[in-house]
Structures are given as C-alpha cells and as structure tokens.
Amino acid sequence: MNLLRAHGVDSIYEVGLPSEELALKMLCRSAFRQNSPPEGFEKLAIEVVQNAGSLPLGLNVLGSYLRRRDKEYWMDMLPRLENGRLDDTIEKILRISYDGLSSDEDKALFRHIACLFNFEKVDDIKLLLADSDLDVNIGLNNLVDKALVHVRLNIVEMHTSLQKLGKEIVYAQSKNPGKREFLLNPDDICHVLEDDTVSFSCPFIDDLTRLKVRCRWLLS
C-alpha cells in the first residue's frame, strides 16, 4: 500500500478474505485436486476450514499437508487446530511479516491485539494502553500496512491464524507462566494470582495489579 501511495495511486482495492464456500474449495483443490471433498470427507473438510480460518496461504499449506492422508489422520489433525496449534510451515510463513516489523513497540502491539484486543474498538485499545509506552496510532498504521490487522468501522480485526501466531510467540517467551507477557491459560492465571509472585520480562507491563486486571478481563 505504501508503494502504491508513493506512486500517486489513490484508488486501492483491498482484497477480502474468501467466503467459507470458496475457502472450502481452496482447501479441496489443494488436498484432493478437485473442487469439493470426496465421499466421507465432507464434514472433516468443513471443520478444518472453520478451525484454520480463511487465509488462502494457510488453506493451501494445510491442504498440501493433508493430501493423500486417510480420514483417521484428518481426525487426529483437528484437535491441534482446535487447540490453537499452528502447523510449523504455516507458522514460519506467517512469522515473516511479524519479524519484518521495524520496532519492538509494533511487535508488542501485535501481541497485545492477538492476546487481548482482537475485535475491540480502536478507541478502547487506545484508552487501555494510554499509560504504556506504545504509540497505538502509529503502531496500528504499521500493522495495517503489513496486513497483520484490518481496521473496519473502528474495530481492529486480526485473522485467526495470525492471532494463533501471536499467542504462540507469548507461550514461547518462558516455560514459567509468571515470566510471560500475558497469561492465556486459566490454570496458569489462577496459579500466578494465588502465589501473588511474578517476574516480568516485558517492559510494557509494570506491576502485578495491571496483570490481575487484564487476567480478570480475559476470564470475564
């Protein structure tokens, strides 16, 4: 988008995500070399599309991964998608855009949105992060330019696969839940709040009180 604007192009068409019907067709063309699932795979293919989201690249990678696999393998794959675990190939591809962000602040905002603020109003996000070191205005513009989020009707939207990536990044910060930037698992949240001890490695969270507020909001 920046390249188009730099050359004076004002009429920019934003390509939307495919419908569920088209997403199913994309998956089937990659997995079965046809436009619809074969007999016995109808329900499985629909569930894979619903859990994987409608990202064309992700559908293509998943379809290629599941090609020539039997029904039992498809069924074993579903819990991984339902639990938010990304296929390694998809994660590596999506991570390129995240790693390409020019500042730690933009990366931090990406993780905030993935873990806490997806489908929230822009104004609410600005209010909640007003006392942080993050510049939400500039950061959001940078994330939009990288196609990591969309802003529609003042609502921030992040694709399911990218949201899963953000959570994976947070999980990988430490084996100790108390040292992660955010607590996403209810058991981890209860453990940290009961112990009332935590060691922060993130410069954007100052104290345990703010952590408790965010955890209670996440569980509500």
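Helices (H or I, at least four residues) and strands (E, at least two) are DSSP runs, numbered from the N terminus. By this definition, helix H4 covers residues 56–66, and Arg68, which follows H4, has a positive phi near 65°. The model is predicted, so local features need pLDDT of at least 70 and side-chain atom pairs count only at pLDDT 80 or more, while totals for chains, interfaces and linings use all residues. Residues are numbered from 1 along each chain as its sequence is written, and side-chain values use heavy atoms, with hydrogens and water left out.

**Overall architecture**

- The protein contains 12 helices and 2 strands.
- Read from the N terminus, the order of its elements is α-α-α-α-α-α-α-α-α-β-β-α-α-α.
- Contacts (heavy atoms within 4.5 Å) can be sorted by separation in sequence: of those with a separation of 6 or more, 64% are between residues 24 or more positions apart.

**Surface and burial**

- The accessible surface of the protein is about 12700 Å², and carbon and sulfur atoms account for 50% of this area. Accessible areas come from the Shrake-Rupley method with a 1.4 Å probe, and for residues only the protein chains shown count as cover.
- Among the 220 residues of the protein, 41% count as buried. Buried means under 20% relative accessible area, exposed means over 50%, and partly exposed lies in between (1.4 Å probe, protein chains only).
- In helix H4, the buried residues are Gly58, Leu59, Val61, Leu62, Gly63 and Leu66.
- Cys28 is buried, with a relative accessible area of 0%, and Cys115 is buried at 6%.
- A search of the whole structure for disulfides (pairs of cysteine sulfur atoms within 2.5 Å) finds 0.

**The nonpolar core**

- In soluble globular proteins, nonpolar side chains tend to be buried together.
- A nonpolar core is a set of buried Ala, Val, Leu, Ile, Met, Phe, Trp, Tyr and Cys residues joined through side-chain atoms within 4.5 Å.
- The largest such core here has 50 residues, and Trp74 and Ile113 have the most contacts inside it. Helix H7 (residues 104–117) supplies the largest share of this core, with 8 residues.
- Leaving aside residues up to four places away in sequence, Ile113 touches Asn118, Leu140, Leu143, Val149, Val156 and Met158.

**Salt bridges**

- Side chains of opposite charge can pair when their charged atoms come close.
- The structure holds 6 salt bridges, each being a side-chain nitrogen of Lys or Arg within 4 Å of a carboxyl oxygen of Asp or Glu.
- One of them joins the side chains of Glu14 and Arg152, at 3.5 Å from N to O. Glu14 lies in the loop between helix H1 (2–6) and helix H2 (20–31), and Arg152 lies in strand S1 (residues 150–152), so this pair ties together parts that are 138 residues apart in sequence.
- Arg152 also forms a salt bridge with Glu157, with the closest N and O atoms 3.2 Å apart. Glu14, Arg152 and Glu157 are thus linked in a network of salt bridges.
- The members of this network are partly exposed: Glu14 at 47% relative accessibility, Arg152 at 35% and Glu157 at 23%.
- Another salt bridge brings together the side chains of Arg111 and Glu181, at 2.5 Å from N to O. Arg111 belongs to helix H7, and Glu181 to the loop between helix H10 (160–171) and helix H11 (186–195); the pair links distant parts of the chain, 70 residues apart.
- Both Arg111 and Glu181 are buried.
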